[in-house]
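Biologist: Mind walking me through this one? I'd like to start with a sheet and then look at how the chains meet.

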Number of protein chains: 2
Amino acid sequence: MGDALVIFMPSGKRGRFAIGTPVLDAARRLGVDLDSVCGGRGICSRCQVTPAHGEFSKHGVTVREDALSEWNAVEERYRQKRGLAEGRRLGCQARVMGDVVIDVPPESQLHRQVVRKAATQRDMVMDPATRLYLVDVAEPDMHEPAGDLQRLAQSLQEQWKISGLRADIEVLKKLQPALRKGAWRVTLAVHRPQPEAAPELLDIWPGFYEGGLYGLAVDLGSTTIAAHLCDLRDGQVVASAGAMNPQIRFGEDLMSRVSYAMMNPGGAAEMTQAVRIALDTLARDMLAEAGIEPRAVLEAVVVCNPVMHHLFLGIDPVELGQAPFALATSEAVRAPLRSLDITGLNPAARLYMLPCIAGHVGADAAAVVLSAAPERQEDLVLIVDVGTNAEIILGNRERVLACSSPTGPAFEGAQISAGQRAAPGAIERLEIDPATKEPRFRIIGCDLWSDEPGFAAASAATGVTGICGSGIIEAVAEMRMAGLVDASGLIGSAAQTGTPRCEPDGRTHAYLIHDASAAGGPRIRVTQSDIRAIQLAKSALYAGARLLMDELGVERVDKVVLAGAFGAHISPKHALVLGMIPDAALERVLSAGNAAGTGARIALCSLAARTHIEALVRRIHKVETAIEPRFQEHFVAANALPHASAPYPELARIVTLPAPRFNPRDNGGDGTGRRRRGRAG
Amino acid sequence: MGDALVIFMPSGKRGRFAIGTPVLDAARRLGVDLDSVCGGRGICSRCQVTPAHGEFSKHGVTVREDALSEWNAVEERYRQKRGLAEGRRLGCQARVMGDVVIDVPPESQLHRQVVRKAATQRDMVMDPATRLYLVDVAEPDMHEPAGDLQRLAQSLQEQWKISGLRADIEVLKKLQPALRKGAWRVTLAVHRPQPEAAPELLDIWPGFYEGGLYGLAVDLGSTTIAAHLCDLRDGQVVASAGAMNPQIRFGEDLMSRVSYAMMNPGGAAEMTQAVRIALDTLARDMLAEAGIEPRAVLEAVVVCNPVMHHLFLGIDPVELGQAPFALATSEAVRAPLRSLDITGLNPAARLYMLPCIAGHVGADAAAVVLSAAPERQEDLVLIVDVGTNAEIILGNRERVLACSSPTGPAFEGAQISAGQRAAPGAIERLEIDPATKEPRFRIIGCDLWSDEPGFAAASAATGVTGICGSGIIEAVAEMRMAGLVDASGLIGSAAQTGTPRCEPDGRTHAYLIHDASAAGGPRIRVTQSDIRAIQLAKSALYAGARLLMDELGVERVDKVVLAGAFGAHISPKHALVLGMIPDAALERVLSAGNAAGTGARIALCSLAARTHIEALVRRIHKVETAIEPRFQEHFVAANALPHASAPYPELARIVTLPAPRFNPRDNGGDGTGRRRRGRAG
């Protein structure tokens with residue numbers, strides 16, 4: 001009768017333990033995943049468990065009411081001070097007094113899985129590079145004059161099995177006061193830059209630190225900076241915020257920023273300072289709003305394209321503006337954030353940047369790969385992240401390939417006659433009735449379609465100001481499906497198409513979507529130039545994808561994932577009609593949302609994920625579109641708009657008219673787009 | 001006839017090599033120690049060799065004039081540009097054409113030994129933590145988009161067998177311009193913090209860097225800062241400089257500086273800033289004078305006592321001012337010097353501080369151990385470094401012990417009636433004629449003795465201003481030998497000693513050394529209080545040494561090494577007479593000069609030495625005098641001045657008078673010193 005059976009749920013792990021054994025001890029000895037920051041001192045409450053009572057015939061156990069020791073003073077103090085849910089016990093305080101079944105709730109699991117609702121539904125295991133530990137340190141002894149740091153390291157080894165602690169001078173300065181103020185009990189923030197690396201002491205607090213432990217996942221885009229503040233104990237996003245990238249004033253797109261750096265002495269440094277200040281300000285504001293003290297934030301993961309990567313690190317991006325597009329470093333970057341003037345976090349906070357895949361395929365693409373995880377899939381997955389350049393990943397369990405394709409800014413609404421950035425007032429969805437050729441659309445900031453009652457009133461605040469990236473794609477695809485555009489991309493005349501909306505525009509035609517000129521507003525049209533710009537962009541994207549498919553020797557992909565903020569808004573149907581992406585079953589074209597941001601969060605929460613993506617990126621086969629002759633071939637071949645009536649049942653229902661073919665000589669329009677391509681190439 | 005015999009001298013290593021093999025290649029394949037920074041590119045000239053000609057019957061070889069390939073264009077260019085001594089060849093250019101004997105001169109040896117003339121005559125092997133390497137890097141290739149850093153690391157691995165190079169962001173910024181400016185040939189400064197640690201890229205230069213490679217060895221004393229600039233290629237000291245420690249204005253001795261830190265908020269930071277600025281200024285001035293550019297200085301080793309150690313690192317030293325004298329860290333410290341505001345060197349320069357032995361026995365004592373190397377000796381060596389505290393080391397091959405003893409500042413001339421710091425005008429040597437009881441002395445800054453003709457004129461510039469530490473020791477020992485002081489330390493009256501120089505001084509007596517009062521100068525005397533102060537100091541020193549001897553269970557030591565700037569000036573004879581150190585044969589009492597500074601230089605030049613001293617310090621048995629009851633016993637027992645006539649033949653010749661014993665009651669003097677001891681204890 002000296003011992004009792006203990007069964008932990010949901011793992012089902014079981015063992016016999018001496019009467020009086022604390023539940024936490026039993027869990028540890030069985031390898032049950034039960035969290036603890038304070039190491040069983042009744043302080044941190046991370047080891048909460050729920051004992052079950054009654055008959056467990058399945059396990060052959062009857063659990064009596066007194067199977068655990070009585071509620072004790074430590075638990076009562078904790079309950080009064082911070083609250084403890086009904087039925088919960090502290091695993092370090094409750095002792096085994098008889099056979100018992102103990103449920104470990106998800107929030108008490110150290111390596112709990114965080115279910116994500118992203119493209120691939122891959123779960124995430126918490127395994128952050130930085131963790132908090134409560135440690136009791138031996139007092140100094142004149143007979144054994146080891147320094148305070150050495151005794152601290154010794155205690156960490158004994159109490160947490162973490163050996164070889166290092167500390168830089170900044171934290172050394174805090175060490176002695178903290179140990180004495182905490183009466184030799186301190187909370188440590190310990191960082192492990194790599195799984196095998198020596199653990200580093202980032203910070204120290206007297207006693208138990210209540211401030212928590214947080215990290216920032218940052219997607220540093222050319223246009224916008226998006227940051228998520230994550231709790232490093234459970235992976236939850238506690239706050240999100242975004243800001244414009246202030247580098248825009250130095251150049252809208254990346255290449256103009258590189259030019260700025262090349263043309264202006266100190267220009268790169270200016271851009272570096274601008275983006276650092278923006279990120280620092282964003283972080284400070286976010287923390288203030290969330291009520292979290294800067295000292296609690298010890299990590300940041302930043303993902304971005306190579307030019308932003310170099311500019312953020314203070315490396316002149318000039319080499320990225322010209323062949324052979326050499327990165328200063330392609331591997332993951334680890335650095336103290338304070339060395340990058342990010343001072344709104346803990347002064348010891350560490351930066352991690354994912355590796356870059358190539359000179360045009362950055363850490364953001366690596367984050368997309370980490371999030372979408374093609375290397376874990378049987379299916380052949382094509383992942384497309386569309387921006388000024390499209391990053392294209394193709395792969396499955398066997399092999400992963402990557403390339404970048406120069407799509408230009410058309411997909412972002414730039415170089416489009418009525419184009420604008422995705423902002424309130426911009427047309428983002430558009431349909432054209434195949435019979436009447438009349439358009440209806442929706443604008444950002446208004447839930448009604450333009451032909452619904454009340455639209456005029458609802459849209460009055462912004463008006464209809466232009467057409468954004470996703471809008472122009474839908475417009476061109478709809479024009480094709482409505483027979484307004486032929487396979488070569490030529491817009492028909494009013495006579496050819498039967499609608500006066502196809503109005504003359506110099507030697508070509510344009511399709512009028514919305515005319516607000518009576519009220520002093522714009523006439524929003526799709527011009528022949530707009531069609532050409534979209535054709536160029538989509539050809540580049542398609543050609544990149546085809547190039548990777550050639551490399552793998554395949555004709556079809558099993559799945560297409562559209563990543564990026566833009567990917568989140570592209571309609572898969574229209575992307576297929578346009579021929580932006582290779583043919584795939586419509587239901588297998590998915591949006592991954594901000595996959596780069598999700599990848600950043602995964603890397604923030606998991607050291608193993610960092611190791612994984614670093615090894616994977618080394619294995620990714622990089623294809624350079626600029627020097628592949630077949631890219632040009634695919635590019636030219638992809639110029640057409642193939643699917644007036646598509647091989648997709650869903651499209652077939654929509655596309656009812658026979659596909660026309662307009663003779664450019666009929667109206668003298670320049671349908672080749674060659675001059676333009678010559679310039680873009 | 002396809003190969004030839006090559007014999008390298010002085011190693012005698014030999015082997016057969018294909019005709020046409022470069023001498024450097026042959027040396028490498030035989031493991032001959034032949035230096036090269038440029039890796040055989042005819043640039044660095046570190047691989048110079050001297051081919052021998054003629055008959056070498058001992059080796060059974062006849063060397064023909066044409067045993068090496070002809071003087072080539074690369075050698076000629078080098079000779080014209082920088083000079084090449086007659087008979088020298090560049091090992092990377094000269095090729096083996098026939099049997100040959102090749103002499104490798106010492107300066108071409110990579111791991112040449114640097115013979116030191118220090119206490120133990122231990123030689124030093126060059127093995128610096130930072131070295132320069134010339135590397136040719138593969139150009140970037142769009143087919144293999146590894147970053148520049150990764151290709152650089154790959155080249156370093158291939159060309160120098162150094163793998164796993166790391167680089168921080170600061171050097172990453174320089175990488176791309178340097179590679180391109182140098183046409184893919186660069187010089188790297190590579191630092192290895194520990195023998196097993198990953199190599200770190202500290203700096204990069206286009207092409208071959210001509211600026212050299214230097215390091216600073218700094219002895220950061222409480223009073224003075226001494227720095228040596230060393231060439232890290234051959235270990236030579238190229239410049240030395242010293243400065244006062246500006247912390248003196250916060251407190252003359254260490255404890256008053258700790259008090260200043262305790263009493264004044266921000267006081268520790270003030271002292272930190274003061275000493276850093278002083279060291280930075282000293283380094284800048286030294287480099288400017290030596291004509292060496294700051295960028296060429298990549299390392300500094302700093303040794304100092306624990307309080308200076310903490311203050312230099314910016315750690316509040318308050319814990320070192322009170323029992324149990326806990327160090328923040330006892331192990332070696334590695335840090336970027338720029339993080340300590342030392343900016344006059346290469347921005348990436350690294351600091352190394354030797355480990356501290358205990359809270360009172362600092363990195364300076366560790367440096368003394370490294371220099372004197374008791375652990376390598378059969379003899380039992382006692383090493384004493386005298387300052388405000390004395391650090392005492394006792395050991396041999398088997399065991400090394402250390403303690404610190406609170407000697408107080410008397411040995412430095414403080415708390416002595418006519419005491420002063422060692423500066424021009426201070427009496428530093430003194431003799432008393434045993435018959436006439438008349439003194440003669442020498443002052444700092446004048447080579448004549450005071451009784452020699454011309455002294456008055458020669459000393460006129462400074463006058464005789466006081467008596468410094470070494471002077472007071474000699475004075476007390478001479479007084480004892482001349483019978484002016486008895487074994488208890490009591491100064492006799494004029495009647496008792498037979499000289500009017502023993503004049504009344506309150507209830508005791510004082511011995512007049514020099515009277516300049518007629519000219520408005522001081523009357524320089526040794527008072528009873530002075531004797532007591534010296535007795536206390538020497539008792540503490542002796543008791544510490546005895547404590548260590550007790551610990552080892554020995555009654556005698558084989559050798560005594562007096563370290564420290566002060567040790568360099570103490571006369572061994574007088575130290576023995578005074579009973580400062582345990583009895584030893586006079587010829588086995590040696591001065592090690594600035595052993596701490598020498599230890600710093602060794603650590604600067606050798607990574608292996610750092611590893612060695614770190615392991616040794618962990619092994620050193622620390623004895624804490626403050627809590628050892630036997631220390632008090634030894635201290636009390638050591639109060640007497642034992643050797644009026646000593647067991648040393650040399651002393652016996654000098655000491656001719658019978659040793660007197662003065663009865664304190666004869667003149668009412670307080671001969672016990674107890675009140676004073678009470679205060680000092």
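Modeller: Sure, but first a ground rule: two strands count as paired if DSSP finds at least two bridges between them. And keep in mind that this is a predicted model.

Biologist: Which are the edge strands of the open sheet of four strands in chain A?

Modeller: The order in that sheet is E10-E12-E13-E11 of chain A, with mixed pairing. An edge strand here pairs on one side only. That gives E10 (130-136) and E11 (166-167) of chain A.

Biologist: Which residue in E13(A) stands opposite Arg166(A)?

Modeller: E11(A) and E13(A), residues 200-206, run parallel and are joined by two bridges. Arg166(A) has as its opposite number in E13(A) the residue Glu200(A).

Biologist: What angle does the direction of H4(A) make with that of E13(A)?

Modeller: H3(A) lies across E10, E11 and E12 of chain A, at about 100° to E10(A). H4(A) packs on the sheet too, touching E11, E12 and E13 of chain A. With E13(A), the direction of H4(A) makes about 35°.

Biologist: Which element gives the largest share of the side of chain A that touches chain B?

Modeller: Contact here means C-beta atoms within 7 Å, and 37 residues of chain A meet 37 of chain B that way. The elements giving two or more residues to chain A's side are H3 (148-160) and H4 (169-181) of chain A. The largest share, five residues, comes from H4(A).

Biologist: How many residues on that side of chain A are nonpolar?

Modeller: Split the side of chain A that touches chain B by class. There are eight charged residues and nine polar ones, and the nonpolar count is 20.

Technical notes
Residues are numbered from 1 along each chain as its sequence is written. Chains are lettered from A and ligands numbered from 1 in the order in which they are written. This is a predicted model: local features need pLDDT of at least 70, side-chain atom pairs count only at pLDDT 80 or more; totals for chains, interfaces and linings use all residues. Two residues are in contact if their C-beta atoms, placed from the backbone, lie within 7 Å. Ala, Val, Leu, Ile, Met, Phe, Trp, Tyr, Cys and Pro count as nonpolar, Asp, Glu, Lys and Arg as charged, and the others, Gly among them, as polar. Axes are lines fitted to C-alpha atoms, for helices over the stretch in contact, and angles run from 0 to 180 degrees between N-to-C directions.
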